[in-house]
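Open the model in your viewer and keep the selection panel to hand. The stops below go from whole domains down to single residues and end at the contact between chains.

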Amino acid sequence: MSEPTAFKYVSHKRRVREDRRFVSGQAVFVSDIAPPGTRHAAVLTSPYACARIVSIDASEALAMPGVLAVVDGRELAAATNSLLIGVDAPLVKRYPMAAGRARYAGEWVAVVVAQSRALAEDAREKIRVAYEELPYVLDAEAAYRPDSIPVHPEHGSNVLLDRRFVWGDVDGAFAAAPHTMSYRVKWGRSATVPIETFGVVASWDPWREMLDVWASIQMPKFADQIARALRMPMSGVRVHQDVDVGGSYGVKRGIKHTVLAGFLARRLGCPVKLIEDRLENMRGGDMHGPERVFDVELAFDDAGLVHAMRMRAIDNVGAYAGRSPLQLGKPVGAIVGPYRIEAVAYHAIAVTSNKTPQEAVRGFGQAPTNYAIETGMDRVAEALGLDRLEVRRRNFIRADEFPYLIPSGTTYDSGDYHAVVAKTVRHAGWESLLAERDRLRASGRLAGIGIASCLEPSGANSSFEPLLNPKNTTTTWMESCRIMVDALGAITLTIHTTSAGQGHETLAATAAGEALDLDPDRIRVVRATSLESLPSNSPVGSRMAIMLGGAAYHAGHKVRDKLVAIAAHQWGVAPTNLRYRNGGVEDPNDGRALEWMDLVLIAHRHYHLMPPGMEPGIAVSHILQVPTGGGLPTPDGRIQMYPCFSFEFHLVLLSIDPEIGKPEIHRYVVGHDCGTVINPDIVRGMTLGGIAHGLGAALLEEFVFDGEGQLLTQSFMDYLLPSANEVPQVEIVHHVTPSPHTVFGQKGSGESGYLGAPAAISGAINDAVRPLGIRFESLPIRISAIGDAIAAATEGQP
Amino acid sequence: MRVDLHVNGGTVGVDVEPRCTLLDCLRDEIGLKGTHAGCEHGVCGACTILVDGEPARSCLMLAVQADGHTLTTIEGLSPGPGELSVLQDAFCEAHGLQCGYCTPGMILAAHALLARTLAPTRADIVAAISGNLCRCTGYGQIIEAIALAAERLRGANVGMGGTRR
């Protein structure tokens, strides 16, 4: 950060305190945890897309030495409650293992517990399951038809969500517009695929009636859901949140894993460990991301201004619903992107199919929606023969229009899109970028420039829950922080969730240190178990800089206020007349001062010196409501979704070898405005990582099923994650437009990069192949698809 | 089967099943949990260790194949409790990680590179870590961390440290 900063610690380069334990191999991931007597579980999965489970014979497995138990889905379902789902579909029951009917290939059918994982896997092979194959449905549009085979016959159809919203005079705008267009784009089924799979260790203490859980999770209301499913009081489930999580980016929900392990631990009276192998993770980990088809219509004028949009989005969520259908809801809060589109009709459809279930993926549905909108901006420019950059500039919300209310009811907090674009274009050298593209073209390669400008809604609320599920009236999604100052003056700050690489310990210490005007390195940060925790909703939806940072700052201020009140009482003056600095309090009138330890001593030892009525000791907490949150949707579906909106602007130059179709990225520049940056290294890492992740979604990654519902890409040999060879050097251009809703002006950045990279890369490829009359309208755009399309287009040419 | 493994400067004798991978042996028999399982089919590199100084996938080796060989895991790079090698410190300085799961393998791959050359080009660094997948960082700060370590080591009068004797 080269910008001057008003802060002492915030925005300054400071090391990320978590890093030391990771670089030394001293982190504790769930697979490193093994309480004495731990036994190991391995799951048996269905080989069919849909089948009735006729019988399960585990006798041979149970006879093997070292095998403790085999449990099937019926036994588990009888002893547990159905897992919660996000939408109103009570007959779409979901248990960790199939009970009677398996609904996708890879679904858990039975589990073996044995002395070792290897023994459990050996025994798994001895279980004999008789199946009766049943008809299945894989395609979303086929599943949506009323006559489709229902994945859940009790539910009666495959439709989990089918909502039409109209915000503004859409039909009028279309009737009045001189131009309209329609297009279809598809977002392929991919996911975040962390390098660490899901894992859980559950241990039951029958004397204390306590279920201890260590899990690789990132899940709001995790303990709540485990307790409900296991029919236990929430106070009987103790989730240890000091487990290091090896990547998540949304998907590590682990509910079914933990319910199964918790059930087994109680039934068998020993700790049970369930760590997915990669195959289990890919097929049955229930962590696939959106598979979404968009049909979009735009109404626009001669200048390229888009006045109205109709969007139909249908998502194939797979065999069961967790929170996945809600991923159609979050984009409502940024449905017009950074543009002044005045009226929108949105039709959101989620259907079940006999595929692996989805889970939340980075951006919670926003990246596909951004891809659909950005494709439209390119198409409008193309239709009118205008420059793509200019069309975006004309449609952008202007800096003087904030706060800006979009048609679907959300007010964007702040931004200066024109400034970020100007800065980025200047940094990249637009003219030289064009010249380089033309030079590449002249050399015989196909070359193109891609552009994407998009928003990152941040500070996650759960407003999409009441929006899409009328039975859910949740209006808070709070986050908390507790600070204690001990009798020797040391500070311990507690956070109440797991984290997976986002640097929350560094974040909380920095925010509290700023409030306390003390070096953050003096602040110890610990993670409470769920029983000792204040309310938290976990690091979802780019919220922790805003929510944990905010809670830590407010808690720090409460400590500060207490110390000032103690000092004021000693001197018989009003607290407002005193100055707090470096942990001590001064009276500017006469220079009197009490240092940190003087004040701490009074609070801990000298009640007789404390202001009357003040609690002794120094222990404060702050529970932060999401800024701007608290409302329910209007009947026509308008709602304030998230409070803060970061902006990013991507510019990509790539070229393609026409013989093999392989794209090579020559230049990648991103303009990024997430308000005040708290830790520059963390924000930069998130941005670079998000772009790499987006590159995967654009070019490489897809969970491909064959016509019989078998997952074809189930290892890292065929589901391709970008390596250091594929990811280009990325230049980041910073801009800071503070948010008015947050303590430092910060916004979110955890999803940045991923939200715009797929659209930008797709745009660059389409710019490159346009001279051949080719257009790619679905992601990922694989090398093979590019090569085949070029070959077909140039067939017969010399 | 009885195997003797020379790990991080010491020798450990263990009894393992012939089918036990070196990865599982290091983690479960010897207790070196810093080596991680990612894909267990040799693609992701999370299980990377050094075998006789060269990066190797411990998930693709059986423990019995390592009998008599010299192994270095991430635990062997720290000069002492609470101390970091120059390379480990550079990863902290550049924040060349996020969740930390791939980090031990990444650092060992980089350690092997810097043992060969202290003047790696960016392409050399990319090639050295191209067999190690990271899902968090997009590699940018990892590459910077390794370049920073090389720069510091070039200007230093100490060796790379690590591989405690």
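Start by colouring chain A by domain: residues 19-23 + 478-624 make up domain 1, residues 33-134 + 198-275 domain 2, and residues 292-463 + 632-793 domain 3. These bounds are drawn on a predicted model, which scores ipTM 0.97 and pTM 0.97.

**Domain 1 against domain 3**

Select domain 1 and domain 3 of chain A together. Their C-alpha centres lie 39 Å apart. Where they meet, 16 residues of domain 1 of chain A are in contact with 20 residues of domain 3 of chain A. On the domain 1 side, look for α15 (504-516) and α16 of chain A, each of which supplies at least two residues. The most comes from α16(A), with six residues. Coloured by class, this side of domain 1 shows seven nonpolar, eight polar and one charged residues.

**The largest nonpolar core**

Stay with α16 of chain A, residues 544-571, and bring up the largest nonpolar core: this helix gives the most to that core, with 13 residues. The core has 316 residues in total, and the members touching the most others are A:Ala41, A:Val111, A:Val112, A:Val344, A:Ala508 and A:Ala512.

Pick A:Ala508 from that list and show its surroundings. Which residues is A:Ala508 in contact with, leaving aside neighbours within four places in sequence? They are A:Cys481, A:Leu493, A:Ile495, A:Val525, A:Leu548 and A:Ala552.

**A three-stranded sheet**

Next, select residues 579-581 and 593-594 of chain A, which are β22 and β24, the edge strands of an open sheet. The order is β22-β23-β24, with antiparallel pairing. Each edge strand pairs on one side only. Between β22(A) and β23(A), residues 584-586, there are three bridges. To see the register, show A:Arg579, which stands opposite A:Glu586 in β23(A).

**Strand β27 and its two partners**

Move to residues 663-673 of chain A. This is strand β27, mostly covered, with eight of its eleven residues buried. Add β26(A), residues 644-656, which pairs with β27(A) in the antiparallel sense over ten bridges. A:Leu651 has A:Val669 in β27(A) as its bridge partner. The two strands form a hairpin with six residues between them. In the turn, select A:Gly661, where phi is positive at about 80°.

Now add β28(A), residues 731-734. How many bridges join β27(A) to β28(A), and do the strands run parallel or antiparallel? There are four bridges, and the strands run parallel. A:His672 marks the register here, with A:His734 in β28(A) as its bridge partner.

**Backbone exceptions**

Most residues other than glycine have a negative phi, and most peptide bonds are trans. The next four selections depart from that pattern in one way or the other.

- Select A:Phe402 and A:Pro403: the peptide bond between them is cis, with omega near -5°. A:Pro403 sits in the loop between α11 (388-395) and β16 (404-405) of chain A.
- Select A:Leu779 and A:Pro780, also joined by a cis peptide bond, with omega about 0°. The loop holding A:Pro780 runs between β29 (778-779) and α20 (783-793) of chain A.
- Select A:Glu209, where phi is positive, near 50°. The residue lies in the loop between β9 (199-205) and β10 (210-215) of chain A. A:Glu209 counts as exposed because it has 12 C-beta neighbours inside 10 Å.
- Select B:Glu40, where phi is also positive, near 55°. This glutamate is in the loop between α1 (22-29) and β3 (48-51) of chain B. B:Glu40 counts as buried because it has 21 C-beta neighbours inside 10 Å.

**Chain B on chain A**

Finish with chain B, whose mean pLDDT is 95, with 96% of its residues at 70 or more. Select the contact with chain A: 40 residues from chain B and 42 residues from chain A take part. On the chain B side, the elements giving two or more residues are α2 (86-93), α3 (103-116), α4 (122-129) and α5 (140-154). Which of them gives the most? That is α2(B), with four residues. Colour this side of chain B by class to see 20 nonpolar, 15 polar and five charged residues.

Technical notes
Residues numbered from 1 in each chain as written. Chains lettered and ligands numbered in written order. Predicted model: local features only at pLDDT ≥ 70, side-chain atom pairs only at ≥ 80, totals over all residues. Core = buried A, V, L, I, M, F, W, Y, C linked by C-beta atoms within 7 Å. Buried ≥ 20, exposed ≤ 12 C-beta atoms within 10 Å, placed from the backbone. Contact = placed C-beta atoms within 7 Å. Domains from an automatic or database assignment. Nonpolar A, V, L, I, M, F, W, Y, C, P; charged D, E, K, R; others polar. pLDDT = per-residue confidence, 0-100. Pairing = 2+ DSSP bridges.
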